[in-house]
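Dear colleague,

I am handing over the structure below, together with a written account of what was computed from it. Please read the two side by side.

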Amino acid sequence: LVKNIALELEGFRCNTLALALHPGTTKTKLSKPFLRKSRYILHSPEQTASNLLDVITGKSIASSGGFFDWEGIQVEW
């Protein structure tokens, strides 16, 4: 879906990014049952939002259609 939207946006030449983002492990009620077993870095919801905004602002149109983690590293589809 994200790749398709990116291609459609490119065709309209509207200079808009379409990205899929993986937020990482965030401390929420949803993740609470898994937090003790997690080997991943845990982030507050506020830090997760900040991380994702940093990723978005750091990407160019060339990245449109891509999938990126909370650090801005591309994730393979």
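Q74 is found in the segment that follows strand 4, which covers residues 67–69, and the model in which Q74 is placed is a predicted one. Although Q74 and L21 are 53 residues apart in sequence, their C-alpha atoms are 9.3 Å apart in space. If neighbours within four places in sequence are left aside, Q74 is in contact with G66, F67 and F68.

Two other residues can be described in a similar way. P45 belongs to helix 2, which is made up of residues 45–57, and P45 counts as partly exposed because its relative accessibility is 40%, a value that falls between the limits of 20% for buried and 50% for exposed. The C-alpha atom of P45 is separated by 6.0 Å from that of T26, a residue 19 places away along the chain, and P45 touches T26, K27 and T28 when residues up to four places away in sequence are not counted. S60, for its part, lies in the loop between helix 2 and strand 4; with a relative accessibility of 42%, S60 also counts as partly exposed. Between S60 and L17, which are 43 residues apart along the chain, the C-alpha separation is 7.5 Å.

The backbone angles deserve a careful look in the loop between helix 1 (2–12) and strand 1 (20–22), where R13 has its place. Most residues other than glycine have a negative phi. The phi of R13, however, is near 50°, a positive value in a residue that is not glycine, and the phi of N15, likewise a residue other than glycine, is positive as well, near 55°. N15 is placed in the loop between helix 1 and strand 1. R13 is exposed, since its relative accessible area of 77% is over the 50% cut-off, and N15 is exposed too, with a relative accessible area of 66%.

Both R13 and N15 also appear in the lining of the largest pocket, which consists of K3, A6, L7, L9, E10, R13, C14, N15, T16, I61, S64 and G65. The space in this largest pocket comes to about 160 Å³, and its lining, sorted by class, has five nonpolar, four polar and three charged residues.

As for the protein chain as a whole, its secondary structure comes to two helices and four strands, and from the N terminus on these elements run in the order α-β-β-β-α-β. The radius of gyration of the chain is 15 Å, which is well over the 11 Å that the globule rule gives for 77 residues, and the chain is therefore more spread out than a compact globule. The C-alpha trace spans about 45 × 20 × 20 Å along its principal axes.

Of the 77 residues in the protein chain, 25% are buried. The chain exposes about 5,900 Å², and 58% of this area is supplied by carbon and sulfur atoms. Among the contacts between residues at least 6 apart in sequence, 51% join residues that are at least 24 apart.

With kind regards

Methods: Residues numbered from 1 in each chain as written. Predicted model: local features only at pLDDT ≥ 70, side-chain atom pairs only at ≥ 80, totals over all residues. Heavy atoms only, no water. 1 Å grid on protein atoms, 1.4 Å probe; cavity = no way out; pocket = protein on both sides within 12 Å on 5 of 7 lines; lining within 4 Å. Points joined across faces, edges and corners; volume = space filled by probe spheres on them. Nonpolar A, V, L, I, M, F, W, Y, C, P; charged D, E, K, R; others polar. Rg over C-alpha atoms; globule rule 2.2 N^0.38 Å. Buried < 20%, exposed > 50% of the residue type's maximum accessible area, 1.4 Å probe, protein only. Contact = heavy atoms within 4.5 Å. Areas by Shrake-Rupley, 256 points an atom, 1.4 Å probe, with all protein chains shown as cover.
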